[in-house]
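Biologist: Please take one residue of this protein and walk me through its surroundings. After that, zoom out step by step until I can picture the whole chain.

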Amino acid sequence: MVAAINLEHRVYEDLHFRAKTDSTGNYTIKVIPGKYKVVAWAFGYNFEVHPETVMVGPGANVTGVNFQLKKKPAGGIAGSVTEKGSGLPLPALVIAHQIEGRGFGPAFTDETGHYLIENLPEGKYKVIAFAKEHHPAVYPVPVPVIGGQTTDGISFELELLP
């Protein structure tokens, strides 16, 4: 996991210092002396604020400002894609894009026309289905995703192109 670490300095007009963790989860930030509130976040995880203000003195190296971010519960979207009129299952690509956020997921239908998009962060999604020689379709309402659950029945009937 790569977390972004943000330090907020309250003495000088809300100065912000940022760093990313390396592949082992360690980070280093060079700052001016002062008091800092330290926040860590990563996509797919709940952000965390260090419980204590961190004091950095002149020339000091402060260690032990550690975090254990908790993964946000993920959910899914499932349904089917069929051809309008014939009702036959279609080989299709279905994409879910979070309306407010960075959640995104694709899935292909199986031979019965069913699909499952997994590991989506909680939120509301715009869902679109695409199939060769058919008009794409957008699900008419935002689809809610709740952590630990699959929102089922998000199905499409795609119309054949003329």
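**A close look at threonine 82**

Modeller: Let's start with the company that threonine 82 keeps: beyond its neighbours within four places in sequence, it is in contact with Gly87, Leu88, Pro89, Leu90, Phe156, Glu157 and Leu158 (contact means heavy atoms within 4.5 Å). Please keep in mind that this is a predicted model, where local features need pLDDT of at least 70 and side-chain atom pairs count only at pLDDT 80 or more, while totals for chains, interfaces and linings use all residues. Residues are numbered from 1 along each chain as its sequence is written, and side-chain values use heavy atoms, with hydrogens and water left out.

Is threonine 82 buried or exposed? Its relative accessibility is 17%, so threonine 82 counts as buried (buried means under 20% relative accessible area, exposed over 50%, partly exposed in between, with a 1.4 Å probe and protein chains only). Threonine 82 belongs to strand S6, which covers residues 74-83 (strands are DSSP runs of E with at least two residues, helices are runs of H or I with at least four, and both are numbered from the N terminus).

Now move back along the chain to strand S3, residues 34-41, which pairs with strand S5, residues 54-56, in the antiparallel sense over three bridges (strands pair if DSSP finds at least two bridges between them). In this pairing, glycine 34 faces valine 56 of S5. S3 also pairs with strand S4, residues 48-49, again in the antiparallel sense, over two bridges. Here valine 39 sits opposite valine 49 of S4. Six residues separate S3 from S4, and the two strands form a hairpin. Within that turn, glycine 44 has a positive phi of about 85°.

Let's zoom out to the whole protein. How many helices and strands are there? The protein has 14 strands and zero helices, so from the N terminus on, every step in the order of elements reads β. The radius of gyration is 23 Å, well over the 15 Å that the globule rule gives for 162 residues, so the protein is more spread out than a compact globule (the radius is taken over C-alpha atoms, and the rule is 2.2 Å times the number of residues to the power 0.38). Along its principal axes, the C-alpha trace spans about 75 × 25 × 25 Å.

Of the 162 residues, 38% count as buried. Among contacts with a separation of 6 or more, 54% join residues 24 or more positions apart.
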